[in-house]
Structures are given as structure tokens and as C-alpha cells.
Amino acid sequence: MHMYHACPNCAASGMEVFFETPGVPVHSCMMLGDRAAAESFPRGDLALGLCRNCGFISNVLFDPSLQDYTTGYEEQQSFSPRFRAFQTDLIERLIERYDIRGKDVVEIGCGKGDFLIELCEAGGNRGVGIDPACDPERMRDRAGRRVRFVAELYSEKHADLPCDALCCRHTLEHIHPTAKFIANVRRVVGDRPDTVVFFEVPDAQRVLEEQAFWDIYYEHCSYFTLGSLARVFRANRFEVVELEKDFDDQYLLVVARPAGGPTSPQFDAEDDLPRIMEDVSVFRGNVRDRIEGWCSRIARLRDEGKRVAIWGSGSKCVSFLSTVGVADRIDAVVDVNPFRHGKYLAGSGMQIIAPESLRGRGVDAILVMNPVYGDEIQRRIDSLGVPAELIPV
């Protein structure tokens, strides 16, 4: 057991390392044009440490210099009907609860911009999306005059942007100095008490409880629970006005407003430190069995003469293949995102195919990297006439 490194979320000394995986791809969503480049993709070491003061979890070996978010980074999820329905519902709730109508909206880490565009369309808002991996040309027809994109990392130089609402979805987990980043957001927001600040991140508690090692990867250097997420906002002079889980309890949502100083807990869910300590202990004790269990299960399928595919080529897939080491036993990796088709996965070097390419491959079993998409995947393979068994991961 190692104790070192100050917590980047609360500055307490000493983080207890409880899970280590050396030599993992430093990016999971970077699309590579050839197998050789994918197989030789840069790797880094991963060591998750727990802060017993605030419950935050971080890769204490994270090296930000290994990260390169460019337009080759393909993270867009809205090709899934299930995800689009979630996103539309979320946007409607934000507009209704916080009257985001006719407002100026800034999104940090906007990706390809589909969330910001829909939020501006639905509420008659004006938007600016900031992300080094954004591709303005790709969304030009949809963005129109309501939204413009800035291909940069977010910083204090964007403080002059008009901002009634600030959104940041699935970006904070990519940032190592989390408290510093939230403090920067607070300075940018300034003394505008009506500004709505909305963040969305993955839920680390679910990862711990399920020993979901496939949800641990290098570019996700920061892992939050409801408590640790609320604590970093409150410590940086935000009032937390909403704190909840969504998307089948896979995501954490926080809505905050600027306050005059540090604020007090408002939600029972913030009192989660004892549970997190217990969950980390259970994870540490069971995760290796979980990894070996998947390795054995895939080996059995192959021994039975079955051909196995994976549905979902994102970070979960890259982490699963890197950790379990079964790429040579997988016949295909499938994704609905057309911008991924024909590209290669970092690490394993497997090529991504379209769902239609499953026809004639004789696939008997499909590992579903995210079970939340199970129903729509079943409908898709039924329509394709692919009689494969779906196995949720």
C-alpha cells in the first residue's frame, strides 16, 4: 500500500493507491488510420489513489504531457437513439428548471457540439463551445448563427465571454488538478449570482461497486462520487443547488451557482465517505477475480467454437481489451458512429466496423460494453438478421 501525492481535489496529503495497471494506451478515443500506428500508440501507467479526506480518486501517475486532444479524438455518442433521448430530456429539464431561454451559454469541452447546439435550438439561446478537439466544419450546417466554436483549451482568457449558463459535460474527469480547474471556473464566473453552472461526470461509486475495470482508463485521471463532486464545488465558493445521478445511474449531475464563500452541505448524498472507503476495499479485494473471470468466459466461448464480437468501440472497449488481453480472441469490434468505421483502436490495433458488416461473419456472441444500450442493439441485430447472443459487460 502506497501513500503519496497530495489530493488534487482538496489538497490533503497522502493518497492510498489501491489499483495499478501499467502500460495502458494514453488515449482511448483517438482514431488511428492504420493498424501499426494503433498497436504502437503511446502508453502510460495507471495507479488509482483514494483521498480519505474528501473521497476523491485520482490516477496519481497521470502525465498531462501525454494527452493530445485533436480533431482525431472521436467521442460523439449521439448516434445512439438511447443517448439522444437522454440528452434531449436533460436539455428540457435544464431549460425548465433554470429558465435557460434567450441566454448566452458557454460549454467547456463541447466535443463535436451536439449538446450545445440542441440546448441553443430548444431555448433560443446563443452558444460558444470551447474544445481543442471540436470540428466546426462538421457541425456547421446545424450550428448556424446560434453557436460558434473555439478550438482551444478553456482558460481565464475566456472570462470576457457573455455567460448566463456554463456547461461542462464529461470533461472534468480528464483534468488532473480538479480543484484548480473549478477555482478557475469560479473566477471566470465572477460576481454574477444568477449564473447557472452545470457539470456532468461519470459515477465512480458504480465503478467501485461493480469492479468495472473497463471504466478505468488513462485519460480519465479523476473519479468522482456525489460527495467528492459537491465538496470541490462548495470549497470553491459555489452553492450546490442540484446533485443527482442519471443515465441509469452512470452519470453524476451537479448544478451550482456562485456564492460569497465556502458553502455547507445541502444533500444527504454528500455524506458518502464511509461508503466510499468500504467500496474501495471491496474493489481492491475483487477486481482481479473480475478480470480473470472475463478472460475465462471469453476463452470458454472460443473453446465452444463461438465467434465473439464487441459492440461499442469507445473507452470501455479499449480498456477492456487492454486489461483482459483478449484481442486475439475477438472477431470484430462494432460501433454505430460512422466517423469510427474503418479506424483502428489504440493498443489492440483492432479495426472498427459498422453494424451492417456483421452480416455473414457468423458472430455467435456480442459483448455489449454498456448494457444501457442493450435494447437498441438487440433491435439492430434483429433487423440485420444476426442471431447472436448479447452478453452485457
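A residue is taken as buried when its relative accessible area is under 20%, and at 1% relative accessibility Phe247 therefore counts as buried in this structure, which is a predicted model. Phe247 lies in the loop between strand S11 (238-246) and strand S12 (251-258), and its phi is near 55 degrees, a positive value in a residue other than glycine. Most residues other than glycine have a negative phi. A positive phi near 55 degrees is also found at His170, again a residue other than glycine, and His170 is placed in the loop between strand S8 (165-169) and helix H5.

The nonpolar interior was examined next. The largest nonpolar core has 56 residues, and those with the most contacts inside it are Phe18, Trp294, Ile310, Phe320, Ile330 and Leu367. Two or more residues are given to this core by each of S2, strand S3 (43-50), helix H6 (204-210), helix H8 (273-303), strand S13 (308-311), H9 and strand S16 (365-368), with H8 giving the most, namely nine residues. For Phe320, when neighbours within four places in sequence are left aside, the contacts are Phe213, Trp214, Trp294, Ile298, Ile310, Gly325, Val326, Leu367, Met369 and Val393. A second core, separate from the one just described, has 45 residues and includes Phe83, Ile91, Phe115 and Ile366.

Phe115, a member of that second core, also appears among the buried residues of helix H3. Eight of the 10 residues of H3 (residues 114-123) are buried, so this helix is largely enclosed by the rest of the structure. The buried residues of H3 are Asp114, Phe115, Leu116, Ile117, Glu118, Leu119, Cys120 and Gly123, and the helix is followed by Gly124, whose phi is positive, near 65 degrees.

Helix H5 (residues 178-189) was considered in terms of both its length and its burial. At 1.5 Å a residue its 12 residues should span 16 Å, and the end C-alpha atoms are 17 Å apart, which agrees with that expectation. Because 10 of the 12 residues of H5 are buried, this helix is likewise largely enclosed by the rest of the structure. The buried residues are Thr178, Ala179, Phe181, Ile182, Ala183, Asn184, Val185, Arg186, Val188 and Val189. Just after H5, Gly190 takes a positive phi of about 65 degrees.

Internal space was then assessed. Three cavities of 30 Å³ or more were counted, and the largest cavity holds about 100 Å³ of space. The lining of the largest cavity comprises 14 residues, with Val24, Ile216, Tyr217, Ser319 and Thr323 lying nearest its centre. Strand S2 (15-25) and helix H9 (315-324) each supply at least two residues of this lining, and these two elements are also among those that give two or more residues to the largest nonpolar core. By class, the lining of the largest cavity is made up of nine nonpolar and five polar residues, with no charged residues.

Two of the residues nearest the centre of the largest cavity, Ile216 and Tyr217, are touched by Tyr223, whose other contacts, not counting residues up to four places away in sequence, are Leu48, Phe56, Ile57, Ala204, Asp215 and Ser228. Tyr223 belongs to strand S10 (residues 222-223) and, at 7% relative accessibility, counts as buried. The C-alpha atoms of Tyr223 and Phe56 are separated by 6.4 Å, although these residues are 167 residues apart along the chain.

The region around strand S4 (57-59) supplied further pairs for which sequence separation and spatial distance could be set side by side. Ser58, placed in strand S4, is buried with a relative accessible area of 0%. Ser58 touches Pro8, Met15, Ala47, Leu48, Gly49, His176 and Cys221, residues up to four places away in sequence not being counted. In the case of His176, which is 118 residues from Ser58 along the chain, the C-alpha atoms of the pair are separated by 7.5 Å. Val60 is found in the loop between strand S4 and helix H2 (81-98) and is also buried, with a relative accessible area of 7%. The C-alpha atoms of Val60 and Gly109, 49 residues apart along the chain, are separated by 23 Å.

Methods. Residues numbered from 1 in each chain as written. Predicted model: local features only at pLDDT ≥ 70, side-chain atom pairs only at ≥ 80, totals over all residues. Heavy atoms only, no water. 1 Å grid on protein atoms, 1.4 Å probe; cavity = no way out; pocket = protein on both sides within 12 Å on 5 of 7 lines; lining within 4 Å. Points joined across faces, edges and corners; volume = space filled by probe spheres on them. Helix = DSSP H or I, 4+ residues; strand = E, 2+ residues; numbered from the N terminus. Nonpolar A, V, L, I, M, F, W, Y, C, P; charged D, E, K, R; others polar. Core = buried A, V, L, I, M, F, W, Y, C linked by side-chain atoms within 4.5 Å. Buried < 20%, exposed > 50% of the residue type's maximum accessible area, 1.4 Å probe, protein only. Contact = heavy atoms within 4.5 Å. Expected span 1.5 Å × (residues − 1).
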